[in-house]
Protein chains: 2
Amino acid sequence: MRSNDVYKRAFNDCLSHIEQLSVGEEIGAEASLARSLSVSRTTVRSVLETLEERRIIADDGRSRRIVRLPIPNDFFPEAETQSVHALIERRFMDFVLEENILPGQQVNALELSRRFSVSPSAIREYLRDFSECGLIERRPSGSWIFVGFDRDFAQELCDVRQIFELESARRFVNFADDDAVWGQLNAIERAHLWLLEDYDARHVEFPHVDNSLHSLINSASKNRFINRFDNLRCLIFHCHYSWNKVDEKERNFVAIHEHLRYIAALRSRDKRAIEDAAIFHLGTARQTLLASLDRRHSRHGEKVEHTPGLSVC
Amino acid sequence: MRSNDVYKRAFNDCLSHIEQLSVGEEIGAEASLARSLSVSRTTVRSVLETLEERRIIADDGRSRRIVRLPIPNDFFPEAETQSVHALIERRFMDFVLEENILPGQQVNALELSRRFSVSPSAIREYLRDFSECGLIERRPSGSWIFVGFDRDFAQELCDVRQIFELESARRFVNFADDDAVWGQLNAIERAHLWLLEDYDARHVEFPHVDNSLHSLINSASKNRFINRFDNLRCLIFHCHYSWNKVDEKERNFVAIHEHLRYIAALRSRDKRAIEDAAIFHLGTARQTLLASLDRRHSRHGEKVEHTPGLSVC
DNA sequence: GTCATGTCTATAGTCGATAAAAGACAGGCG
DNA sequence: CGCCTGTCTTTTATCGACTATAGACATGAC
């Protein structure tokens, strides 16, 4: 039986919406609520029904008005609003982090299903999805093995990233003066400066800002395969960094300043400057990634071998 | 309940093996049969049991000997030896071909499941897998829409292919003289010449030879993302060509000669010659792909717009 | 000891059922 | 006529059951 997480999320969102209003106000028609909550009218109707039962709103026949403001207890617990997929995703990440999975190790789908209290099919689906990023592989017998995020993996990822992003950055100059990207670029620059204003409090926001910049740059290539790869890269970086938070603050600080230089170069439309800034930043990113891998491995007492980084050009 | 296609395939393979032998001969131990049929001993045991029941072999306690040679009727029908996944794949391809699916059209998973007489879950899994190649996409509501193989898709695919393959081809010269790739390259060249010897009969074999050459070249980059993309490209080309066989023979003939030039260039290790041959061949491949798309579309009475091909460099 | 076989257990593939959610349609109110 | 709502149908997400297959262990023959 499918979980009603969509309903619960919509319910909570709706409560948050009501909190912004005051007693006696109308909360709008079903259709418009459906649109603003991004769910179907069917779901909205369930939500409204519950709201009436709990005397938060009342329907006098011609309009629905707020009777009382919601209290914290009215909200569904956060955990219940997750889809099974999201739940598995979180637990799987924790599992990988805590168990220190080593490359080549087998992933036992059935055990995961027991551990996470979900059905085997759900695990199966999740692993299928997750395998797209290349960190696990399927054996002919059907079982999964962990590929592991090692130096080679990181190098190959960075090589392709560099090929694609240089290509995209070069094409960035082709955008017309009145194109929307320039506004988006400015907004991203402001987001960087905003992070720096109170860096201690805000540095955790960096990954989000990072992704938005690189996505914007890659959008210049107008190529779905390049964009897809960038999404993949985001996902992998996300996994890796959630597994390894050492030096996060320092490395992000460096990256922010490289980004600002990169952004300025893009705006200047100076091809040479763009290329220099791109190569420099991508190079640092590669080095930080590799360095954090080394630290991680050496922490586990493995021998770290330093293969010379392949140059992509 | 899962299908016993593995068993049936192993059974048929085993019969084929027995056909090569004669009455009275031993057919080997369970473990060795399991290895040669690439299945588990459990499956081999089921197969042997059936063979005994049907009096094809007999077990006198110390060895299993052939009693009679199999007749065509002993084999399981070909259709039953397909896995559900393979079955769906075939029917889905036919479906797409016959129904002339247009871009943007919705794929109804439930209808497919009824039409193909398989469970909805199986269709769901297949679509998930198939979506990896980018020809269908998932909407937030969970339904699937057909993206369609249009000019843009083909251009973007070819752009990335060109970026990757030029990179790989350039690196090909780095293989040592005694590396196994040179032998593989020679074998592929011989396969091309063999095709030409009796082209009328053998031209259908071209796609296979084509893939082996491009895979070999891409292996030079030693990058799992590049290799994965090449597999994807193979799949997409495979789909496209199975949907569109117009001029297949002629376009493959041209391609074979370009391949021979490409192979010679790789062997010469002349970077300039390699690049020229690669660019030339990839360019023709792009043009044939686009041309066949135009033909396909104009056949359906759509207007064909000729967007200028984006140069990747 | 080595290999083959019998037996048992664990895991994967597939299905069908069921509730949740989406979406279509028609009638009613302004 | 446009928008809102009640009702119904279709489709999706998830589960749990069931069988095929893989793999482990133990026993026995040579």
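Biologist: How far is a phosphate oxygen of DNA strand C from an N or O atom in the side chain of R45(B)?

Modeller: Keep in mind that this is a predicted model. A pair of N or O atoms counts as a polar contact within 3.5 Å. The R45(B) side chain and a phosphate oxygen of DNA strand C make such a pair, and the distance is 2.7 Å.

Biologist: Okay, and which elements give two or more residues to the surface near DNA strand C?

Modeller: Both protein chains chip in here. From chain B come helix 3 and helix 6. Chain A adds helix 1 (5–19), helix 3 and helix 5 (109–116).

Biologist: Which part of V6(A) lies 2.9 Å from a phosphate oxygen of DNA strand C?

Modeller: Let's set two contacts side by side. For T43(A), an N or O atom in the side chain is 2.6 Å from a phosphate oxygen of DNA strand C. For V6(A), what lies 2.9 Å from a phosphate oxygen of that strand is a backbone N or O atom.

Biologist: What share of the atoms of DNA strand C within 4 Å of the protein belongs to sugar or phosphate?

Modeller: There are 32 residues around DNA strand C, and M1(A), S40(A), N108(A), R124(A) and R64(B) come nearest. Bases make up the rest of the strand's atoms within 4 Å of the protein, and the sugar or phosphate share is 66%.

Biologist: Over to DNA strand D: which residue has a polar side-chain atom 3.2 Å from a base oxygen?

Modeller: R45(A) isn't the one, as its polar side-chain atom lies 2.5 Å from a phosphate oxygen of DNA strand D. N4(B) uses a backbone N or O atom, 3.5 Å from a phosphate oxygen. The base oxygen contact at 3.2 Å belongs to S121(A).

Biologist: How many charged residues does the surface near DNA strand D have?

Modeller: Split that surface by class. Ten residues are nonpolar and twelve are polar, and the charged ones number eleven.

Biologist: Now the sheet in chain B: why is one side of strand 3 and of strand 4 left without a neighbour?

Modeller: The sheet is open, with three strands in the order 3-5-4 and antiparallel pairing. Strand 3 (106–107) and strand 4 (136–138) of chain B each have a single partner strand, so one side of each has no neighbour in the sheet, as both stand at the edges.

Biologist: And which helix packs on that sheet?

Modeller: The helix touches strand 3, strand 4 and strand 5 of chain B. Its direction makes about 110 degrees with that of strand 4, and the element is helix 6 (residues 120–130) of chain B.

Key: Residues numbered from 1 in each chain as written. Chains lettered and ligands numbered in written order. Predicted model: local features only at pLDDT ≥ 70, side-chain atom pairs only at ≥ 80, totals over all residues. Heavy atoms only, no water. Pairing = 2+ DSSP bridges. Helix = DSSP H or I, 4+ residues; strand = E, 2+ residues; numbered from the N terminus. Contact = heavy atoms within 4.5 Å. Axes fitted to C-alpha atoms, helices over the stretch in contact; angles between N-to-C directions. Polar contact = N/O pair within 3.5 Å; in protein donor to acceptor, adjacent residues only side chain to side chain. Nonpolar A, V, L, I, M, F, W, Y, C, P; charged D, E, K, R; others polar. Near = heavy atom within 4 Å.
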